[in-house]
Amino acid sequence: MTAAPSWFDPKRPQPDLVTDVPGPEAKAVLDRDTAITSPSLPRAYAIAPRRGYGSVIEDVDGNLFLDFNAGIAVNSTGHAHPTVVAAVKEQAENLLHYSASDFYLPVYSQMCETLAATAPMDGKVRVFLTNSGAEAVEGALKLSRYATGRQYVISFFGSFHGRTYGAMTLTGSKSKYHKGFGPLLPGVLHAPYAPASLDYIEDVLFAHQVEPTEVAAIFVEPIQGEGGFIVPPAGWLARLREICDKHGILLVADEVQSGMGRTGKMWAIEHTGVKPDILISAKGIASGLPLGAFMARAELMEKWGAGAHGSTYGGSPVPCAAGIATMKVIQEENLLDNATKQGDFLLAGLRELQKKFPETVIDVRGVALMIGVEFPTGAIAERVQDAAFRRGLLVLEAGVNAVRMSPPLVLTREQAETGLRLFGEAVAEVAGQASA
Ligand code: PLP
């Protein structure tokens with residue numbers, strides 16, 4: 001591994017205690033941004049990053065933040081990992097673009113092989129590369145219908161699958177994501193997510209709405225992400241697999257947020273032993289470059305022929321090079337083990353915090369570095385998020401009333417300790433306000 005970037009001073013306290021954010025430069029960025037960008041962007045709080053290294057972000061005013069967001073679970077190997085940066089530079093110097101849709105790119109097939117080697121399913125798989133998570137969800141949806149000849153699909157309340165029409169229709173987390181965009185994609189039904197019983201699918205959906213023989217696929221996040229980092233109880237996904245098997249329905253695991261090592265295994269579904277028919281990935285797959293993928297049992301993908309699906313940019317050379325380097329770093333630096341170690345440490349510390357503030361912290365859940373902390377209301381979650389931000393810790397609201405932590409997999413023990421301390425202070429501040 002080569003050296004850290006020259007701006008990064010390892011002796012500078014990480015993070016500095018930030019007391020006055022946004023600073024003047026960040027305020028200027030905000031003003032400029034709000035005047036020109038689409039107001040639809042959700043925007044959580046006023047961080048305006050200039051650069052980052054490892055698990056630390058520096059904003060435009062020079063404040064340092066400990067990044068427990070990782071750009072919404074994307075910077076898996078941390079910011080500017082030297083191995084990833086070197087791979088990106090080298091690829092950019094050699095070939096910026098050539099479309100893998102119509103031609104043959106060595107780096108594209110290498111990325112597909114790299115992913116296929118991790119597939120949590122039996123037998124041969126085939127891979128299709130995309131530019132984003134939503135685009136991978138769309139592809140998986142098209143493949144499900146194409147390969148089965150069936151038109152209905154089921155997904156879950158609380159789920160998030162993306163913003164394009166198919167992915168948005170599958171999404172069941174917040175009604176505002178659908179508002180004003182109807183009619184949505186026909187043929188999509190929703191069922192309650194874990195811990196609710198899966199009987200609803202058979203007793204309600206199959207009994208009253210659709211014959212199971214007309215259902216192509218069930219889309220599921222093995223751990224629900226945007227919905228609040230909800231971990232299904234043991235046996236829940238196995239039961240879902242049973243329902244799929246009984247009716248010839250494909251099981252599609254959306255691992256856009258839970259995959260690429262975040263839970264201490266490459267794919268979260270591996271914790272359950274359940275094997276999906278199609279698996280979707282994006283976010284952490286290329287450490288920040290736009291890349292997504294869906295892989296499927298080969299016989300499914302072999303049903304569609306030339307021209308059925310493609311993409312000009314999907315699996316473009318630079319993101320592929322970043323993806324191959326990301327996988328190399330995950331393996332060489334034992335990042336799955338690190339995710340488990342630091343995640344267990346954080347979870348234990350957060351459970352102590354819950355004991356200290358039982359009325360403010362009502363649930364701590366998660367696996368490895370995919371951690372959700374639940375508060376009594378969304379307003380309290382938001383106040384904790386802001387109090388953490390003012391202390392130099394970046395976390396992000398999720399679900400109705402939770403805050404999520406999804407730090408880079410390279411998080412050190414020292415950083416985990418700092419993060420816990422800052423989060424504890426933020427919770428204490430908010431709990432104090434509530435009792436005052
Ligand atoms: N699927 C899941 C589980 C996600 O969490 C997301 C994004 O948050 C997506 C799909 C959509 O990914 P993208 O924003 O890259 O389109």
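1. Helices here are DSSP runs of H or I with at least four residues, strands are runs of E with at least two, and both are numbered from the N terminus. With those terms in hand, Pro195 falls in the loop that connects strand 6 with helix 7 (199-209), and the peptide bond joining Ala194 to Pro195 is cis, its omega being about 5 degrees. The model is a predicted one, and the points below should be read accordingly.

2. A second cis peptide bond runs from Gly182 to Pro183, where omega is near -5 degrees. Pro183 is also a loop residue, placed between helix 6 (165-170) and strand 6 (188-191), so that strand 6 has one of these prolines in the loop on either side of it. As background, most peptide bonds are trans, and most residues other than glycine have a negative phi.

3. The backbone at Ile72 also deserves a look, since this residue, although not a glycine, has a positive phi of about 60 degrees. Ile72 belongs to helix 2, which covers residues 70-73.

4. Which residues surround the ligand? They are Ser132, Gly133, Ala134, Phe160, His161, Gly162, Glu221, Asp254, Val256, Gln257 and Lys283, and by class this shell divides into three nonpolar, five polar and three charged residues.

5. Among the polar contacts to the ligand, Asp254 places a polar side-chain atom 2.7 Å from a ligand nitrogen atom, whereas Gln257 has a polar side-chain atom 2.8 Å from a ligand oxygen atom. A polar backbone atom of Ala134 is likewise 2.8 Å from an oxygen atom of the ligand. Of the 390 Å² that the ligand exposes when taken alone, the protein buries 81%.

6. Turning to helix packing, helix 3 (residues 82-94) packs with helix 10 (residues 317-332) at an angle of about 150 degrees, and their axes are 8 Å apart. Because angles over 145 degrees count as roughly antiparallel, helix 3 and helix 10 are roughly antiparallel to each other. The crossing that these two helices, 3 and 10, make is right-handed.

Terms used:
Residues are numbered from 1 along each chain as its sequence is written. This is a predicted model: local features need pLDDT of at least 70, side-chain atom pairs count only at pLDDT 80 or more; totals for chains, interfaces and linings use all residues. Side-chain values use heavy atoms; hydrogens and water are left out. A residue is near a molecule or strand if one of its heavy atoms lies within 4 Å of it. A polar contact is a pair of N or O atoms within 3.5 Å; within protein, one must be able to donate a hydrogen and the other to accept it, and residues adjacent in sequence count only if both atoms are side-chain atoms. Accessible areas come from the Shrake-Rupley method with a 1.4 Å probe; for residues, only the protein chains shown count as cover. Ala, Val, Leu, Ile, Met, Phe, Trp, Tyr, Cys and Pro count as nonpolar, Asp, Glu, Lys and Arg as charged, and the others, Gly among them, as polar. Axes are lines fitted to C-alpha atoms, for helices over the stretch in contact, and angles run from 0 to 180 degrees between N-to-C directions. Angles under 35 degrees count as roughly parallel, over 145 as roughly antiparallel, 65 to 115 as roughly perpendicular and the rest as oblique. A crossing is left-handed if the near helix is turned anticlockwise from the far one by less than a right angle, and right-handed if clockwise.
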